[in-house]
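Subject: The model, and what turned up in it

Hi,

Here is the structure I promised to send over. Have a look at it first, and then read on for my notes.

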Amino acid sequence: MGPKRVLLAGWFSFRDGEATAGDVLALQRVEEVLRGAGIPYDVAWSPGFRPEARHLDDVRPRDYSHLVFVCGPLEGPQIEELHRRFAHCVRIAVGASVIDPGAEAVRGFHRVLARDVPDVQPTEDLAARAPAVPARPVVGVILTYGEQEYGEQRRHDQVARKVTHWLAGKDCARLELDTRLDTRDWHLSATPAQVQSVLARLDLVVTDQLQGLVLSLRVGTPVLAIDPVARGATVTAQARVCGWPALVPAEELTERRLERWWDWCLTSGRVAARQARDAFREGRAADGADRLVEALTARRAG
């Protein structure tokens with residue numbers, strides 16, 4: 001006779017626990033196997049990670065015949081409490097790490113299908129064979145909270161709040177980036193080439209910074225630019241010079257506008273960004289350096 005119903009839990013289930021990408025992929029691998037076998041199950045999630053989902057505090061242990069703990073190390077009072085609360089269930093750990101085989105958290109399971117145990121040949125991590133998922137856009141985010149020189153025209157904080165709130169709901173891989181250089185801080189790039197190497201590998205950049213706009217177009221990566229200065233400043237001016245249309249003024253910053261330019265950047269904007277890159281390389285537009293020698297050799301007025 002098979003299980004009545006299985007509850008899947010892990011470190012991603014505890015109120016103060018955390019969910020890693022590997023944990024969730026391991027869970028998906030287990031779900032795939034249970035669905036294939038026709039075994040009914042539920043998943044318990046941390047309320048901090050998925051507030052709308054089923055939580056451990058809400059489930060009734062008597063509704064389940066089996067408890068399966070997925071991934072992570074088998075140690076600590078949280079797992080020991082699971083053994084007490086689900087004492088009537090058959091308890092199985094799968095894809096977990098055993099640090100101390102004699103620990104109460106380990107001995108409480110009826111069976112441990114571990115990925116690694118001291119002095120035992122390890123098995124492949126569950127995440128390795130999790131169901132394949134389509135790639136998501138990789139988005140660089142370059143926001144500036146400075147530029148105090150604009151005084152009352154500054155909208156930087158408001159822009160950052162709106163943009164990051166919107167980005168949190170997008171199904172994409174987000175990378176917070178900085179164009180500052182530092183030869184001592186490993187968090188920052190040390191040369192412009194290092195910054196460009198990152199930008200060139202992105203699908204899109206979202207920025208309210210002049211350099212974020214120019215450096216991204218320089219390598220052919222589309223940019224969703226927001227001018228954080230009321231009535232427009234350097235970001236607007238540079239977008240105009242570059243002929244780049246994906247620009248949102250601070251006064252017109254709405255999710256509808258962001259969505260519109262997001263879609264454009266990931267479609268037609270790819271070609272437009274490469275065209276902007278080629279225009280830079282060919283020097284089609286004059287810049288200040290083109291007039292520098294003339295300025296240096298000109299006679300001083302008066």
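Let me start with the strands. Ala9 sits opposite Phe69, a residue of β3. Before going further, please keep in mind that this is a predicted model.

**Around β3**

The pairing that brings those two residues together is between β1 (residues 6–9) and β3, which run parallel and share four bridges. On top of that, β3 pairs with β4 (residues 90–94), again in the parallel sense, this time over five bridges. If you want a residue to find that pairing by, take His66, whose bridge partner in β4 is Val90.

How much of β3 is covered? Strand β3 spans residues 66–70, and five of its five residues are buried. Its side chains go two ways: His66, Val68 and Val70 point one way, while Leu67 and Phe69 point the other way. Both sets are buried.

**From β7 through to β9**

There is another run of parallel strands further along the chain. Strand β6 (residues 138–142) is joined to β7 (residues 173–176) by four bridges, and the two run parallel. Here Val139 faces Arg174 of β7. β6 is mostly covered too, with four of its five residues buried.

β6 also pairs with β8, in parallel and over four bridges. Two places to look are Gly140, which stands opposite Val205 of β8, and Val141, which stands opposite Val206 of β8.

Strand β8 itself covers residues 204–207. Leu204 and Val206 point one way from it and Val205 and Thr207 the other way, and all of them are buried. Next comes β9: three bridges join it to β8, and the two run parallel. Val206 turns up again in this pairing, since its bridge partner in β9 is Leu224.

**A closer look at Ala225**

Ala225 is part of β9, which takes in residues 223–227. Is it buried or exposed? Ala225 has a relative accessibility of 1%, so it counts as buried. Leaving out its neighbours within four places in sequence, Ala225 is in contact with Thr207, Leu213, Val235, Ala246, Leu247 and Val248. You could also check it against Ile142: the two are 83 residues apart in sequence, but their C-alpha atoms are 9.7 Å apart in space.

**The cores**

Which residues have the most contacts inside the largest nonpolar core? They are Leu204, Val206, Leu217, Leu224, Ile226, Trp244 and Trp262, in a core of 40 residues. Helix α4 (residues 156–168) gives the most to this core, with five residues. A second core, separate from that one, has 23 residues, among them Leu7, Leu56, Val59 and Ala114.

Leu217 is worth clicking on. Apart from its neighbours within four places in sequence, Leu217 is in contact with Val223, Cys242, Trp244, Ala273, Ala276, Arg277 and Phe280.

**The pockets**

Some of those names come back here. The largest pocket has a volume of about 520 Å³. It is lined by 23 residues, and the closest to its centre are Cys242, Ala276, Ala279, Phe280 and Ala285. By type, the lining splits into 12 nonpolar, five polar and six charged residues.

Which element gives the most to that lining? The answer is α9, with seven residues. Helices α6 (210–218), α7 (234–242) and α9 (268–282) each supply at least two residues of the lining.

The second largest pocket holds about 360 Å³ of space. Its lining is made up of Ala19, Thr20, Ala21, Val24, Leu25, Gln28, Phe49, Arg50, Pro51, Glu52 and Val133. Of these, seven are nonpolar, two are polar and two are charged.

If you only have a few minutes, I'd open the view on Val206: it is among the residues with the most contacts inside the largest core, it stands opposite Val141 of β6, and it has Leu224 of β9 as a bridge partner. After that, go to Cys242, which is in contact with Leu217 and is among the residues closest to the centre of the largest pocket.

Cheers

How values were computed. Residues are numbered from 1 along each chain as its sequence is written. This is a predicted model: local features need pLDDT of at least 70, side-chain atom pairs count only at pLDDT 80 or more; totals for chains, interfaces and linings use all residues. Side-chain values use heavy atoms; hydrogens and water are left out. On a 1 Å grid over the protein atoms alone, a cavity is a set of points where a 1.4 Å probe fits but cannot get out, and a pocket is an open set with protein on both sides within 12 Å along at least five of seven lines; lining residues have an atom within 4 Å of a point. Grid points are joined across faces, edges and corners, and a volume is the space filled by probe spheres set on the points. Ala, Val, Leu, Ile, Met, Phe, Trp, Tyr, Cys and Pro count as nonpolar, Asp, Glu, Lys and Arg as charged, and the others, Gly among them, as polar. Buried means under 20% relative accessible area, exposed over 50%, partly exposed in between (1.4 Å probe, protein chains only). Contact means heavy atoms within 4.5 Å. A nonpolar core is a set of buried Ala, Val, Leu, Ile, Met, Phe, Trp, Tyr and Cys residues joined through side-chain atoms within 4.5 Å. Two strands pair if DSSP finds at least two bridges between them.
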